[in-house]
Amino acid sequence: MADDELSAIRAQRLAEMQKQYGGPDQKQQGEAQEERRRQEEDMKNAILAQIMDQAARARLNTLKLSKPEKAQMVEQMVVRMAQMGQISGKLDDGQLVQLLESVNKQMPRSTSAVKFDRRRTALDSDDEDYGL
């Protein structure tokens, strides 16, 4: 009877661990989601390559390095505009700059400021004469 109870406990623990850490089904689902995400990214890049010239792509990639959230939003906007037929021909650098300016006007500004608080102490080296 102890062997039966032990095997039941092992089976229950195995089921709990598979549920907690993900069994083979969840691993396959994760791989499928990753593959879908990769395909969507490739499709988005193909669309952007078709509707933007090299200078505009370079500017967008530079923006992606400094502000990835804003670049992703602009990419989605450009793809959506292309799908709706609002973009005729290739989007050049000047048109992308205008688009970025309109996005900047719509986005809220962050009011972060850097303050330096320089406190003088008794050990401050500025008060020394250095032998004068």
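Modeller: A salt bridge here is a side-chain nitrogen of Lys or Arg within 4 Å of a carboxyl oxygen of Asp or Glu, and Lys44 forms one with Glu75, where the closest N and O atoms are 2.7 Å apart.

Colleague: Which parts of the chain does that pair link?

Modeller: The pair links distant parts of the chain, since Lys44 sits in helix H2 and Glu75 in helix H4, with their positions 31 residues apart. Helices are DSSP runs (H or I, at least four residues) and strands likewise (E, at least two), numbered from the N terminus. This is a predicted model, in which local features need pLDDT of at least 70 and side-chain atom pairs count only at pLDDT 80 or more, while totals for chains, interfaces and linings use all residues. Residues are numbered from 1 along each chain as its sequence is written, and side-chain values use heavy atoms, leaving out hydrogens and water.

Colleague: Are Lys44 and Glu75 buried or exposed?

Modeller: Both Lys44 and Glu75 are buried, a label given to residues under 20% relative accessible area (exposed is over 50%, partly exposed in between; 1.4 Å probe, protein chains only). Lys44 earns the label because its relative accessible area is 18%, and Glu75 does so because its value is 2%.

Colleague: What else does Glu75 touch?

Modeller: Leaving aside residues up to four places away in sequence, Glu75 touches Lys44, Leu48, Leu60 and Lys64, where a contact means heavy atoms within 4.5 Å.

Colleague: Which other salt bridge does Lys44 make?

Modeller: The side chain of Lys44 also meets that of Glu41 in a salt bridge, at 3.4 Å from N to O. These two residues lie about one helical turn apart, because they are three residues apart in helix H2. Glu41 counts as partly exposed because its relative accessibility is 30%.

Colleague: And how many salt bridges does the whole structure have?

Modeller: A search of the whole structure finds eight salt bridges. One of them joins Arg38 to Glu34, with the closest N and O atoms 3.9 Å apart, and both of these residues lie in helix H2, four residues apart, which is about one turn of the helix. Arg38 is partly exposed because its relative accessibility is 40%, and Glu34 is partly exposed because its value is 32%.

Colleague: Switching topic, what does the overall layout look like, and how many helices and strands are there?

Modeller: The chain has five helices and zero strands, so from the N terminus on its elements run α-α-α-α-α. Of the 132 residues of the chain, 17% count as buried. Among contacts in the chain with a separation of 6 or more, 67% come from residues 24 or more positions apart.

Colleague: Which residues touch the most other members of the largest nonpolar core?

Modeller: They are Leu48, Ile51, Met52, Leu60, Val74, Val78 and Leu96, in a core of 17 residues. Helix H2 (24-51), helix H3 (54-66), helix H4 (68-84) and helix H5 (93-106) each supply at least two residues of this core. A nonpolar core is a set of buried Ala, Val, Leu, Ile, Met, Phe, Trp, Tyr and Cys residues joined through side-chain atoms within 4.5 Å.

Colleague: Let's zoom in on Val74, what does it touch?

Modeller: Not counting residues up to four places away in sequence, Val74 touches Leu60, Leu96, Leu99, Leu100 and Val103. Leu60 is also touched by Glu75, and Glu75, like Val74, belongs to the stretch of helix H4 (68-84).
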